[in-house]
Amino acid sequence: MTIDYLLNYWKTNRIVTEKRVLEAFKKIDRRLFVPQHLWHVAYQDTPLPLLKGQTISQPTTVAIMTQALRLKPGMKVFEVGAGSGYQAALIGYIVGDNGKVITLEYFPELADMAKRNLIKAGIKNVKVITGDGSLGYPKEAPYDRIILTCAAPDFPPPFIKQLKENGIILAPLGNHRFSQQLIRATKRKGKLIREALGSFVFVPLRGKHGFKE
Ligand code: SAH
């Protein structure tokens, strides 16, 4: 299986229609973000294990989320859950040289892995930081877009302040361990207007505003 198979599948079924998103998936090689012993399955449409029980999401999920963010060149984006760095790399590619991505990762081992992978992929506008992303990252706020690539009980309260007016926040939300709703919210007059985009399964958000372990 190659990435072209997935691109075709997304185009034919109108899962991804945005040119910039399709181009990012073509340019950023998922193989660089999966452990070496899994290279042969890098383009299969499944999540794959990383370290510490964490996973790189299924390509179709990553594609849906990337498109749902409605990214434009020059945007500043905050991600919670760097993991392999793949999602951050795709966003970094789309926002381009005038844009910036800040991605927080809870496990130092994964943060190091994400940093190495991003260097391999030649992505220079993504900053990986080790820490509790459930607090947001006020130092670089406000953000045009915020994305959580782990499941949260609800949008962590600090994020609303760190999101620009008319900005978009996207996260899998809910209290169920094996099913969450992907929620996209737009900040209008300081309040979040929500829409549901379907059911997904993600690893849980840890930290202050995450699930209690
Ligand atoms: N976006 C990643 C997939 C991430 S899986 C990729 O493209 O590969 C979810 C990640 O969220 C895991 O790496 C997990 O360690 C991280 N995570 C969970 N809670 C966190 C928190 N409070 N702050 C930062 N990262 C967190």
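Which polar backbone atom lies 3.1 Å from a nitrogen atom of the ligand? In this predicted model, that backbone atom belongs to tyrosine 106. Glycine 131 also faces a ligand nitrogen with its backbone, here through a polar atom at 3.5 Å. Serine 84 uses its side chain instead: an N or O atom there sits 2.6 Å from an oxygen atom of the ligand. With all this going on, not much of the ligand is left uncovered: taken alone it exposes 590 Å², and the protein buries 99% of that.

As for where the ligand sits, the space it takes is the largest pocket. Several elements give two or more residues to the shell around it, namely strand S2 (55-56), strand S3 (76-80), helix H4 (86-95) and strand S4 (100-105). In total, 27 residues surround the ligand, and the closest are Gly81, Ser84, Glu105, Gly133 and Arg206. Sorted by class, the shell comes out as 12 nonpolar, 11 polar and four charged residues.

Gly81, one of the closest residues to the ligand, has a polar partner within the protein as well. The side chain of threonine 149 reaches the backbone oxygen of glycine 81 at 2.9 Å. Threonine 149 itself is found in the loop that runs between strand S6 (143-148) and helix H6 (158-162). Despite that loop position, threonine 149 counts as buried, because its relative accessible area is 14%, under the 20% cut-off.

How values were computed. Residues are numbered from 1 along each chain as its sequence is written. This is a predicted model: local features need pLDDT of at least 70, side-chain atom pairs count only at pLDDT 80 or more; totals for chains, interfaces and linings use all residues. Side-chain values use heavy atoms; hydrogens and water are left out. A residue is near a molecule or strand if one of its heavy atoms lies within 4 Å of it. A polar contact is a pair of N or O atoms within 3.5 Å; within protein, one must be able to donate a hydrogen and the other to accept it, and residues adjacent in sequence count only if both atoms are side-chain atoms. Accessible areas come from the Shrake-Rupley method with a 1.4 Å probe; for residues, only the protein chains shown count as cover. On a 1 Å grid over the protein atoms alone, a cavity is a set of points where a 1.4 Å probe fits but cannot get out, and a pocket is an open set with protein on both sides within 12 Å along at least five of seven lines; lining residues have an atom within 4 Å of a point. A molecule sits in a cavity or pocket if more than half of its atoms lie within 2 Å of its grid points. Helices (H or I, at least four residues) and strands (E, at least two) are DSSP runs, numbered from the N terminus. Ala, Val, Leu, Ile, Met, Phe, Trp, Tyr, Cys and Pro count as nonpolar, Asp, Glu, Lys and Arg as charged, and the others, Gly among them, as polar. Buried means under 20% relative accessible area, exposed over 50%, partly exposed in between (1.4 Å probe, protein chains only).
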